[in-house]
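Please open the model in your viewer and keep the sequence panel beside it, so that each selection below can be made by residue number. The tour moves from one helix to the interior, then to a barrel, and ends with charged side chains.

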Amino acid sequence: MLPRKRDVVEEGATTLGKKTRFEGSSVAVAAVESHNLMMSGDSVATEMEIDEDLHSRQLAVYGRETMRRLFGAHILISGLQGLGVEIAKNVILAGVRSITLHDTGYVSAWDLSAQFYFSEADIGRNRALACVDKLKELNTAVNVLTLVDELTEDALSIYEAVVFTNTSLETAIRFNDYCHTHKPPIAFIRADIRGVFGSVFCDFGPAFTVLDADGEEPHTGIIASISNDNPAVVSCVDDERLGFEDGDMVVFTEIHGMEELNDGKPRKVKCTRPYSFLLEEDTTAFSPYERGGIVTQVKQAKVLNFKPLKEALGSPGEFLLSDFAKFDRPPLLHLAFRALDEFLVEMNHFPVPACDADAEKLVNIARHINENAGGGKLDIIDDSILKQFASGSSAVLNPMAAMFGGIVGQEVVKACSGKFHPIFQFFYFDSLESLPSETLSEEDVKSSGLRYDAQVAVFGRQLQNKLESAKVFVVGAGALGCEFLKNLALMGVACARQGKLTVTDDDVIEKSNLSRQFLFRDWNIGQAKSTVASAAAIAINENFRVEALQNRVSPETENLFDDAFWENLDLVINALDNVNARLYVDSRCVYFQKPLLESGTLGTKCNTQMVIPNLTENYGASRDPPEKQAPMCTVHSFPHNIDHCLTWARSEFEGLLEKNPAEADAFLSKPEQYKSSMKSAGDAQARDTLERIVECLVTERCATFEDCIYWARKRFEDYFANRVKQLTFNFPEEAVTSTGVPFWSAPKRFPKPLEFQTSDPSHMSLLTAASILRAQTYNIPIPDWASNPRKLAEVVDQMKLPEFQPKQGVKFVTDEKATNLTMSSLDDSVVIDQLITRLNEGVKSLDSTFRLSPIQFEKDDDTNYHMDFIAGLANMRARNYSIPEVDKLKAKFIAGRIIPAIATTTAMATGLVCLELYKVLLGHKVEKCRNTFANLALPLFSMAEPVPPKTFTHGDLKWSIWDRWVIPGDLTLRELLDWFETKDLTAYSISCGQSLLFNSMFPKHKERMNKKVVDLAKEVAKLEISPSRRHFDVVVACEDADGNDLDVPLVSICFR
């Protein structure tokens, strides 16, 4: 079963406005009215324009086809407590056609612990009606409807997917049976949060087709050789690992010689290795392989046969694991949730928190179910886990709702699109480690009629007080930051008089943020993220004590985020999107011994890390390997994939439109000083810079828009015709290397020059973008006809370009280790003098106020021609080298280095982090903490105990990254060296910042022995110490008695 479009109602069918509510309507009437409203737009759903500015990060994850399927989908969510609203939020942000909110219940104070769109004023209102207006604001393109009566099976027929939360088992089975047997099947999801326990069940029908199980780009390889064997051995160049797995299907293209494989037929591979594999094909009779060829993985569709809930309960199959240390936990939780369903039927209420009798009742029910489970009977039942489950089962906790809201929201997307592998079929999770170590009494969890009662029922009043009094620093107010602020406000963090939360972000809101940073609205575009997010969080909980700052956390702001600020914190939460900022905050947390909760997302993947003083390694202790960079010569002369072309195009954009004009302006501002510095340098780089300035201000200076067109036309000829002709003149197709190997061997691709044609839309699009951007740099007015291809063609047709003839002696860099394409020569200084003379003459006619306007690349403005220029350059280069071209959106992802991001992954990550926050404030041992890696696409969850910090020893001393040696006293340099001698260590080098205060190799440094170290720091390192600061830090390099270097901790000298 593929996701599909429901039958469209007749043209002219009655529709209702967006604000229609079905309060008090019969469910049958409501369903018909809902159907009419939803179907009225279905005929254009597949043709709907995707707002790429809004959804760019999401498009990078899903692609256009999946987004189009989503835009045509109709979803029902039943149950609008904490979990239901989280799912609804994520699905609306994803962008479906319509979503119907169903709930027959009424808001209570109990709901306020996890439902961020309820307030005290909503108590007594229908839950769906209380939150519908705020959910509508998230995405005005989504029809958000409500149903407030009891559902019937027939009402489900108009939906692609239905989600039930807080629904009885009997009701769930009834609706699931209908969905499973419906033609076509309706995807059914049941999900529940019970304290620190959660469950998900998915049934997408008897035969659901998964179109793309993992969402990754198909793996490719450049072929080096293919044998005439059975099976054939295929070897690829060692440019990068293939990534194929046994059983994968692949297709071949561009092979010379063994062209029988170019037929487009998928073939199976086996015995895969990093750079080779066996092809299940007899090639003994094929033509011998000569050269070239690309092998590409073919994604295979997969059909899943889901069982209905009634059948799956008795034979659940394999459970999706979340924590491999709890491999035996899912069957027990499966039993626990079944027991709770029976408890609710029998007792008509949830187990009372901390009530021994109710907990014992649930245990007995579980044992009875297990006794009658037949082959699925558990040998061992842990009563203590069942009792903890019973005690908190009435509560919906915000962190759990956030986590499961992300998981279930992603399952809805899968159901509507066939993108990614669904949960098949049960997923259970618990965070028992988050609970207090001591057993809670009924008094500890007693309800007081306040918004935190559900959380108190699980964790007790004592932890609630700690949460409310906490002093927290949230760094970043983007996608992660918005989710964190929402979670923390609901949890009551920093909501007491002595509590405080500080959030900082130096960025402002952009349109592309709105698809996942859910606290922002379109009217907030241009405003400070931290300010808007804080105000929205206060609207969730008016007691939230939050201060919003717009400062970057960096060495430059240590006067603001000073010692007193850090020392006053209880914990830090990172919500950042770059590694350098994370490393800096990590270093501050290490220095001030503060817990750091770290997380990050990449598309459907997320990771969370707990950094606990003295117990775990810090964030900076382990690094991902750096991204592999293509050699400079590959990018500039021998590209073999579109990434190379886009890297080159981005570089050309920055050089032509930003760096060159900026250098020209620098010259015009202070010409004599600039010329002097160039003469002093006298090297190839100075020569190259001056050549580019001469081009800007003399030889290629533009005065009219027609000049800009001529410049753009010449650039096209130079880039895509002349340079290619020169390259192939130097290295003809039959050229060989000094070892006799063909020069144009894989991965090199032999290029062909392009001929400019005004009839080619891609040629004219690039010409338009280049002309307009060139005009902007010279502040030339852009005429109305600038983007008219016909008018541009008329101008271009009148232009005459000089004939190009390849020259002898032109050199191309072919060394893959080269880092600079500019080659030095003996006459650099002579050429520099000539260029300066030419520059002096060329600028005489310029007005003294003449300046250029450098253009900084901005990827998210679709009207500024930046991506048109870059995509055009890259695609023409790709055309030179017979590389598949890409559209502007894909070019934006690569050249703009866009990080794929979706709301579901963000929500899940922050929920996981907030479960760890409980542990931090409870002071749990590291054995109870968890770092997580998850991938919602597969789906995969991998949790592990944090790694302890690396320790060092010397004699009786033992230390780690978390230690700092604090030495009291206003020491002289000699006294500091003596202090180390008492530890049997010889300090041979002492530095402060970037400056060296002492090194035993320098005789003059011995003259500093009697000077105060603080005075040396001020004098040599230019250290500025505020009057309120009592210490400063130095880095000391030491060796032991045997001359072995030791990494000793940072040394703090308390001189006041």
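Begin by selecting residues 761–777, which form helix α23 in this predicted model. With 17 residues at 1.5 Å a residue, helix α23 should span 24 Å, and its end C-alpha atoms are indeed 24 Å apart, so expectation and model agree. If you now show the surroundings, you will find that 13 of the 17 residues of α23 are buried, which means that the helix is largely enclosed by the rest of the structure. Step just past the end of α23 to Asn-779, where the backbone takes a positive phi of about 55 degrees.

Next, turn to the nonpolar interior. As a general matter, nonpolar side chains in soluble globular proteins tend to be buried together. Here the largest nonpolar core has 179 residues, and the residues with the most contacts inside it are Ile-75, Ile-99, Leu-156, Leu-488 and Leu-501. Colour helix α28 (residues 903–922) as well, since this helix gives the most to that core, with 11 residues. A second, separate core comprises 77 residues, including Val-635, Phe-716, Leu-773 and Leu-846.

Now centre the view on Leu-501, which belongs to strand β17 (residues 500–504). Is Leu-501 buried or exposed? Its relative accessibility is 0%, so Leu-501 counts as buried. Among the residues that Leu-501 touches beyond its sequence neighbours are Val-472, Val-474, Leu-485, Leu-488 and Phe-544. Measure from Leu-501 to Val-472, and the C-alpha atoms should be 4.7 Å apart, although the two residues are separated by 29 residues in sequence. Moving on to Leu-488, you will find contacts with Leu-501 and Phe-544, and also with Ile-573, Cys-914 and Leu-917, among others.

For the barrel, select strands β8 to β13. These 6 strands close into a barrel in the order β8-β9-β12-β11-β10-β13, with antiparallel pairing, and neighbouring strands of this sheet are turned by 45 degrees against each other on average, direction ignored. To examine one pairing in detail, zoom in on β8 (residues 220–226) and β9 (residues 232–236), which run antiparallel to each other and pair over 3 bridges. Within this pair, Ile-223 has Cys-236 in β9 as its bridge partner.

Finally, display the charged side chains, for the structure holds 58 salt bridges. Select Glu-433 and Lys-326, whose side chains meet in a salt bridge at 2.8 Å, N to O. Glu-433 lies in the loop between β15 (426–430) and α12 (453–459), and Lys-326 in the loop between α7 (309–314) and α8 (329–347), so this pair ties together parts that are 107 residues apart in sequence. Both Glu-433 and Lys-326 are buried, and they are linked with Asp-323, Arg-329, Asp-430 and Arg-930 in a network of salt bridges.

For another pair, go to Asp-383 and Arg-367, which form a salt bridge with their closest N and O atoms 2.7 Å apart. Asp-383 sits in helix α10 (residues 383–392) and Arg-367 in helix α9 (residues 356–371), so the bridge ties together parts that are 16 residues apart in sequence. Asp-383 is partly exposed at 25% relative accessible area, and Arg-367 is partly exposed at 35%. The last stop is the salt bridge of Glu-1019 with Lys-1011, where the closest N and O atoms are 3.4 Å apart; Glu-1019 is partly exposed, with a relative accessible area of 46%, and Lys-1011 is partly exposed as well, at 35%.

Methods
Residues are numbered from 1 along each chain as its sequence is written. This is a predicted model: local features need pLDDT of at least 70, side-chain atom pairs count only at pLDDT 80 or more; totals for chains, interfaces and linings use all residues. Side-chain values use heavy atoms; hydrogens and water are left out. A salt bridge is a side-chain nitrogen of Lys or Arg within 4 Å of a carboxyl oxygen of Asp or Glu. Helices (H or I, at least four residues) and strands (E, at least two) are DSSP runs, numbered from the N terminus. Buried means under 20% relative accessible area, exposed over 50%, partly exposed in between (1.4 Å probe, protein chains only). Two strands pair if DSSP finds at least two bridges between them. Axes are lines fitted to C-alpha atoms, for helices over the stretch in contact, and angles run from 0 to 180 degrees between N-to-C directions. Contact means heavy atoms within 4.5 Å. The expected span of a helix is 1.5 Å times one less than its number of residues. A nonpolar core is a set of buried Ala, Val, Leu, Ile, Met, Phe, Trp, Tyr and Cys residues joined through side-chain atoms within 4.5 Å. Lists of a residue's contacts leave out its neighbours within four places in sequence.
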